[in-house]
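Student: Could you take me in close on one buried spot in this model and then work outwards from there? I'd like the geometry and the contacts as one connected story.

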Amino acid sequence: GTKVTGGVIWNYDAKFTRVQDWVANAEEMMQTDPVVRGGVRAHIDTQLTARGAFKTEAAWPEESRVFAAELDENFGFDGGRGYIRGGWEGLGRRILRHQFTGFRYLEAIYCPEQGRVWVDFADREPSAHAGWYPGPDGQLAYVEQERAGGGRRTRIPANKLVLFTEDQTGNNWNGTGLLRSCHFAWKLKTHAMNCLAIGVERYAVKIPRVKVNEKTLRDEQGYSETDIDTMVTNAQTTCKNLTSHEQGWVSTVEGIDIDVIQIDFRADQTAAVIEVCNREILTGLGLQQLLLGVNGTGSRAVGSVHDTGLLRMLTSGLNNVAAVIGGEAAPGQGTVGRLRQWNHPGLDPKFTPRMQFKNLDPGPLMQFADSLPGLIQSGVVEPTDALNDAFLQQLGQPALAAEHRRSPQERRGTSNPMGAAASLFSEGRAA
């Protein structure tokens, strides 16, 4: 397994012994490769469309709901003021980059105001990360970061650290980012792109060649060696001008000919390698559906399957963020747990509001919405108030009021020109 010595995690990645080297490489991938950058933006922009909120259960005490409202206010959810500089979207955009590099952390800044402790976060760049330092119990004790101007490192204790990792195992706080599996394809693609650029420069514009017949120039036309050298130099200058498009014609003498070297340059062969690499990169990012229709007609059904898998991946990433921020106080996590200890010390931890993100994954219920009329008509599904409430919950709407509730028999007795699915929702909802 891995081991930590001198702040460095060993036996983790033979190619990138220092995690800073890998982070720099991943940043280069995201900055310079349009496929990688587009994939990263597709992930993060989609995840940021999810609506965040702190949720409680109906049976929980009133203090729990008060705490949830304070947390929504702190994070700027549900129209709250927000104590986070740049807002949740700006902070979330930086947090979610950990999915690609493997890790990223924030430093929590706790601020007392209006009789409460509020939290803000300072983003700490992983490229400045200098080392992980565990305590005697093996838990993370602190991290160190390099200062921008050099000098003594900055130490951040674990109880102020909010650490997000992708696929962490054991004490491997480096994690394994999504881009790690794409690295070989990216390196091969970069090499192929360089070869393609060289080929275009060298062969797409033909290489001119000067052919000199010294016997004809010297013996038959009587030119001296100096004259021949001058004419060869002039011919070479003409070739340079032709290559740079500064000259569109040539004039030569007998004994000096200008032609081009014929080389069969097949750009399509190099482009095929680049296409394979792009496919590998998109597959590693879970974006295979972007390949549909590129070289064929594509398939809506297959694309829908890939979309569902991607949304589950993105939802899992958001759930990981919620678990780190919303858990109990522990090294590198538990911001909400600490706020509960300070602001509501009498609240039982089991009633701590849960950080949740909604409206990203439609869930199986909404996926079967198109099939609902047939299921109701065939008697497989009962059009009950509970089913009605489940749909409304997925849509972010409140449950049916008591006066609008009906039995399945009453729902079936209502004639609705829109069909059985429409009859599920009573006319009372419209009112």
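Tutor: Let's start at C182, which is buried, since its relative accessible area is 1% and the limit for buried is under 20%. Keep in mind that this is a predicted model. C182 sits in the loop between β9 and α6, the latter covering 183–204. Leaving aside residues up to four places away in sequence, C182 touches M29, I281, G284 and L285. There is a long-range approach here too: the C-alpha atoms of C182 and E280 are separated by 6.9 Å, although the two residues are 98 positions apart along the chain.

For the whole protein chain, take the contacts with a separation of 6 or more: 63% of them join residues 24 or more positions apart. The chain has 431 residues, of which 39% count as buried, and its fold is built from 17 helices and twelve strands.

One of the contacts of C182, M29, leads us to a pair of helices. The axes of α1 (residues 19–32) and α2 (residues 34–47) come within 5 Å and cross at roughly 95°. That angle falls between 65 and 115 degrees, so α1 and α2 are roughly perpendicular to each other. On the α1 side the contact is made by M29, M30 and T32, and on the α2 side by P34, V36, R37 and V40. Sorted by class, the contact has five nonpolar residues, one polar and one charged.

Now go back to the loop that holds C182. D167 lies in the loop between β9 and α6 as well. Its phi is near 55°, a positive value in a residue other than glycine. D167 counts as exposed because its relative accessibility is 53%, where exposed means over 50%. So that loop holds a buried C182 and an exposed D167.

β9 takes us into a sheet. It is an open, three-stranded one with the order β5-β4-β9 and antiparallel pairing. The edge strands are β5 (116–124) and β9 (161–165), each of which pairs on one side only. Ignoring direction, neighbouring strands in this sheet are turned by 30° against each other on average. Nine bridges join β4 (residues 103–113) to β5, and one bridge has P112 with V117 of β5 as its partner. A helix packs on this sheet: α11 (residues 335–343) touches β4, β5 and β9, and its direction makes about 155° with that of β5.

The loop between β4 and β5 contains Q114. Q114 has a positive phi of about 55° although it is not a glycine. Q114 is exposed, because its relative accessible area of 63% is over 50%.

There is a second open sheet of three strands, in the order β6-β7-β8 and again with antiparallel pairing. Here β6 and β8 (154–157) are at the edges with a single partner strand each, so one side of each has no neighbour in the sheet. The twist averages 20° from one strand to the next. Being at the edge doesn't leave β6 (residues 129–134) uncovered: five of its six residues are buried. β6 pairs with β7 (residues 140–145) over five bridges, including the one between Y133 and its partner Y142 in β7. Together β6 and β7 form a hairpin with five residues between them, and G138 in that turn has a positive phi of about 85°.

Last, the nonpolar interior. The largest nonpolar core has 53 residues, and F75, W88, F121, L179, I325 and M355 are the ones with the most contacts inside it. Helix α10 (residues 300–326) supplies the largest share of this core, seven residues. M355 shows how such a residue is surrounded: it touches A53, F54, F75, F77, W88, A322 and I325, again not counting residues up to four places away in sequence. A second, separate core has twelve residues, among them I9, Y105, V143 and W173. As background, nonpolar side chains tend to be buried together in soluble globular proteins.

Note on methods:
Residues numbered from 1 in each chain as written. Predicted model: local features only at pLDDT ≥ 70, side-chain atom pairs only at ≥ 80, totals over all residues. Heavy atoms only, no water. Pairing = 2+ DSSP bridges. Helix = DSSP H or I, 4+ residues; strand = E, 2+ residues; numbered from the N terminus. Axes fitted to C-alpha atoms, helices over the stretch in contact; angles between N-to-C directions. Contact = heavy atoms within 4.5 Å. Core = buried A, V, L, I, M, F, W, Y, C linked by side-chain atoms within 4.5 Å. Buried < 20%, exposed > 50% of the residue type's maximum accessible area, 1.4 Å probe, protein only. Parallel < 35°, antiparallel > 145°, perpendicular 65-115°, else oblique. Nonpolar A, V, L, I, M, F, W, Y, C, P; charged D, E, K, R; others polar.
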